[in-house]
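Reader: I would like a close look at a single part of this model, with its packing, its charged pairs and the exposure of its residues. Please keep the account plain.

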Amino acid sequence: SDLPLDLDPLGCLVKEAQEEAGIPPTLARSATAAGRLSYGVETPAGLSPATMFVYDRTLPVVFKPGNRDGEISDFALLTLQGVRAKVAAGRDFKPNANLVVIDFLLRHRHITAKDPDFEALKAGLR
């Protein structure tokens with residue numbers, strides 16, 4: 001969704017984290033800004049530009065997400081390899097969520113020059 005006029009990116013993160021996963025504001029506010037991703041969205045009127053603000057936040061092991069607004073169907077705890085496999089399949093996450101996951105994997109060196117698609121993924125996000 002669009003960034004509300006009355007919220008900055010971190011404020012929007014705090015709001016959405018609470019609504020979508022039940023992440024308390026105190027945890028969400030300590031997220032670290034990790035950049036932004038720009039991409040195009042196909043609409044009936046043509047290609048529309050979009051930007052996502054990206055944040056990193058490690059959650060406590062005991063944290064259990066819970067959707068508060070009914071927009072999320074479910075949560076699953078996956079290994080890093082499981083996430084990579086789902087992103088590679090390209091059908092389990094929304095396309096823009098795949099971009100955020102790929103960005104995370106590149107930034108944290110879980111996708112490296114040893115991976116066959118490293119250069120293409122890196123170039124595609126920049």
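Author: What follows is a connected account of helix α4 and its surroundings in this predicted model.

Helix α4 spans residues 95-107. Two helices that pack against it are treated in turn, beginning with α3, which covers residues 80-89. The axes of α3 and α4 cross at roughly 135° and come within 10 Å. An angle over 145 degrees would count as roughly antiparallel and one of 65 to 115 as roughly perpendicular, so α3 is oblique to α4. The crossing of these two helices is left-handed. On the α3 side the contact is made by Leu-80, Val-83, Arg-84 and Val-87, and on the α4 side by Asn-98, Val-101, Ile-102 and Leu-105. Sorted by class, the residues of this contact are six nonpolar, one polar and one charged. Asn-98 is the polar one, because Asn is not among the residue types counted as nonpolar or charged. Arg-84 is the charged one, because Arg belongs to the charged class.

The second partner is helix α5, residues 118-125. Here the axes are 11 Å apart, and the angle between α4 and α5 is about 120°. That angle again lies outside the range of 65 to 115 degrees that counts as roughly perpendicular, so α4 is oblique to α5. The crossing of α4 and α5 is left-handed. From α4, the residues that take part are Leu-99, Ile-102, Asp-103 and Leu-106. They meet Phe-118, Leu-121, Lys-122 and Leu-125 of α5. By class this contact has six nonpolar residues, two charged ones and no polar ones. The charged two are Asp-103 and Lys-122, because Asp and Lys both fall in the charged class. Ile-102 appears in the contact with α3 and also in the contact with α5.

Individual residues of α4 can now be taken up. Asn-98 lies in this helix and has a relative accessibility of 10%. The cut-off for a buried residue is under 20%, so Asn-98 counts as buried. Leaving aside residues up to four places away in sequence, Asn-98 touches Val-87, Gly-90 and Phe-93. Of these, Val-87 is one of the α3 residues in the helix contact described above. Ala-97, also found in α4, has a relative accessibility of 27% and therefore counts as partly exposed. The C-alpha atoms of Ala-97 and Ser-73 are 15 Å apart in space, while the two residues are 24 apart in sequence.

The charged pairs come next. Side chains of opposite charge can pair when their charged atoms come close. The structure holds six salt bridges, and Arg-107 of α4 takes part in a salt bridge with Asp-103 as well as one with Asp-56. In the pair with Asp-103, the N to O distance is 2.8 Å. Arg-107 and Asp-103 are four residues apart in helix α4, so about one helical turn separates them. The pair with Asp-56 also has an N to O distance of 2.8 Å. This second pair links distant parts of the chain, since Asp-56 is in strand β2 (residues 46-56) and lies 51 residues from Arg-107.

The exposure of these three residues can be set side by side. Asp-103 is buried, with a relative accessible area of 3%. Asp-56 also counts as buried, at 19%, where the cut-off is under 20%. Arg-107 has 25% relative accessibility and counts as partly exposed. Asp-103 thus has two roles here: it meets α5 as part of the helix contact, and its side chain meets that of Arg-107 in a salt bridge.

Beyond the helix comes the loop between α4 and α5, where Arg-109 lies. Arg-109 has a positive phi of about 60° although it is not a glycine. At 68% relative accessibility, Arg-109 counts as exposed.

For comparison, there are salt bridges elsewhere in the model. Lys-15, Glu-16 and Glu-19 are linked in a network. Within it, the closest N and O atoms of Glu-16 and Lys-15 are 3.0 Å apart. Glu-16 is partly exposed at 23%, and Lys-15 is partly exposed at 33%.

How values were computed. Residues numbered from 1 in each chain as written. Predicted model: local features only at pLDDT ≥ 70, side-chain atom pairs only at ≥ 80, totals over all residues. Heavy atoms only, no water. Axes fitted to C-alpha atoms, helices over the stretch in contact; angles between N-to-C directions. Parallel < 35°, antiparallel > 145°, perpendicular 65-115°, else oblique. Left-handed = near helix turned anticlockwise from the far one by under 90°. Contact = heavy atoms within 4.5 Å. Buried < 20%, exposed > 50% of the residue type's maximum accessible area, 1.4 Å probe, protein only. Salt bridge = Lys/Arg side-chain N within 4 Å of Asp/Glu carboxyl O.
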